[in-house]
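Dear colleague,

I am handing over the structure that I have been going through, and I would be glad if you could read the notes beneath it with the coordinates open.

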Amino acid sequence: MNTTFTSTALTGAGLAIGLALLAVEHWRWWKTGGGAAAAGGGSRDPKALAPYWSGVSFGTLMVACPAGLLGTAAGVLRWGGNSLGDTLMSTLTGQRSSTVATASAPRLDENGALIVTALVIVMWLMRKQIAKVAKRGFKSGVCSGTLLAIGTGTFALIGNLVVPNVNSLGAMLLGKAVHGTFL
């Protein structure tokens, strides 16, 4: 499998913003249990984190887009996270942020792009049926995903799992739907 990469940079301050979003979502879940259990106590149902982690996955896929609206939006979110984080860091501590990751994310191929395009269409058509709490978690996850997916270690693992598997899923579905075979 020939994997190509999209290149990007992340500052320590952008990483701090991404980690802060991750921490806030998980803190809310820990304190309330999320979902319907939030009113009654808190069973800490892991399903309550599904919108957030779906957003992280989608943000990772945005980073993997080599161009287009999603790739550009991911770049804007990274730029915003890096800039906001740097402003906060320099204001709070007097230190400027430095680049911590110039990693490359695996790039979506034409098969993965098929899946992402279908996801965007489904999300757009169903936007009115999605609860506000789920939308908030998803949006927070997208921001986290665009900031954290290009890091190293655990976050690179997420990117290296999500993108190639979406590419493979697209190839499989395209092969089955168009050619009548599994690839």
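What follows covers the salt bridges and then a patch on the surface.

Please keep in mind that this is a predicted model. A search of the whole structure finds four salt bridges, and among them are the three described here.

E25 takes part in two of these contacts: with R28, where the closest N and O atoms are 3.3 Å apart, and with R136, where the corresponding separation is 2.8 Å. E25 lies in helix 1 and R136 in helix 6 (residues 132-148), so this pair ties together parts that are 111 residues apart in sequence. R28, by contrast, sits with E25 in helix 1 (residues 12-32), three residues away, or about one turn of the helix. E25 counts as buried because its relative accessible area is 7%, while R28 is partly exposed at 38% and R136 is partly exposed at 36%. Through shared partners, the salt bridges join E25, R28 and R136 into one network.

A further salt bridge links D86 with R96, the closest N and O atoms being 2.6 Å apart. Here D86 belongs to helix 4 (residues 68-93) and R96 to the loop between helix 4 and strand 3 (99-101), so parts that are 10 residues apart in sequence are tied together. D86 is buried, at 14% relative accessible area, whereas R96 is exposed, at 58%.

On the surface, I121, V122, W124, L125, M126 and I130 form a nonpolar patch with about 610 Å² of accessible area together. I121 lies in helix 5 (residues 110-125) and is partly exposed, with a relative accessible area of 46%.

With best regards

Note on methods: Residues numbered from 1 in each chain as written. Predicted model: local features only at pLDDT ≥ 70, side-chain atom pairs only at ≥ 80, totals over all residues. Heavy atoms only, no water. Patch = residues over 30% accessible without salt bridge, like charges linked within 9 Å, V, L, I, M, F, W, Y side chains within 5 Å. Areas by Shrake-Rupley, 256 points an atom, 1.4 Å probe, with all protein chains shown as cover. Salt bridge = Lys/Arg side-chain N within 4 Å of Asp/Glu carboxyl O. Helix = DSSP H or I, 4+ residues; strand = E, 2+ residues; numbered from the N terminus. Buried < 20%, exposed > 50% of the residue type's maximum accessible area, 1.4 Å probe, protein only.
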